[in-house]
Amino acid sequence: MPLVFEDDRENTVREMEKLYRSPYICYVEQRAMTKDGWRWLAWADKSVLDDQKKVIAIIGVGRDITEKKRIEQELLRAKEAAEAAAQAKSDFMANMSHEIRTPMNAVIGMTSLLLDDVDLNQNRGTS
């Protein structure tokens, strides 16, 4: 069974290659197999160099960030839901505005015509 999740391997290798060139440090987040199953781990690594700047050891510190990744995913889902709700509200308001404006324009237009007709009739009666 692989220790690093397949989708994370390419990025892990790319990041670890940085340990062999200046500034000889890397940071990688990866899913790794543990005794508790797949967990997200964050690694900060630094190369130890000899006098000829040849890598002789790598010092790494890892920590479990599974909970952090879970929260990030929840926040992303909540953000997407909020954006969808905002878009639905915007669409609803645009449709309602149109639905209200169209009959209002008709009422205003008919009122204007009736007022014009009343003015004409009043003017005829007074002449």
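How many residues lie between strand 1 and strand 2 in the hairpin that they form? In this predicted model, the hairpin of strand 1 and strand 2 has two residues between its strands. Strand 1 spans residues 25-34 and pairs with strand 2 in the antiparallel sense, the pairing extending over 10 bridges. Within this pairing, Arg 31 has Trp 40 of strand 2 as its bridge partner.

Strand 2, which comprises residues 37-49, also pairs with strand 3, residues 55-64, again in the antiparallel sense and over nine bridges. At one position of this pairing, Leu 49 is found opposite Val 55, a residue of strand 3. Strand 2 and strand 3 likewise form a hairpin, here with five residues between the strands, and Lys 53, which is located in the turn, adopts a positive phi of about 60°.

The surroundings of one residue of strand 1, Val 28, were examined in further detail. Val 28 has a relative accessible area of 2% and is therefore classed as buried, since this value falls under the 20% limit for that class. When residues up to four places away in sequence are not counted, Val 28 touches Asn 11, Thr 12 and Glu 15, and also Leu 41, Ala 42 and Trp 43. For Trp 43, the separation from Val 28 is 15 residues in sequence, while the C-alpha to C-alpha distance between Val 28 and Trp 43 is 5.3 Å.

How values were computed:
Residues numbered from 1 in each chain as written. Predicted model: local features only at pLDDT ≥ 70, side-chain atom pairs only at ≥ 80, totals over all residues. Heavy atoms only, no water. Pairing = 2+ DSSP bridges. Helix = DSSP H or I, 4+ residues; strand = E, 2+ residues; numbered from the N terminus. Buried < 20%, exposed > 50% of the residue type's maximum accessible area, 1.4 Å probe, protein only. Contact = heavy atoms within 4.5 Å.
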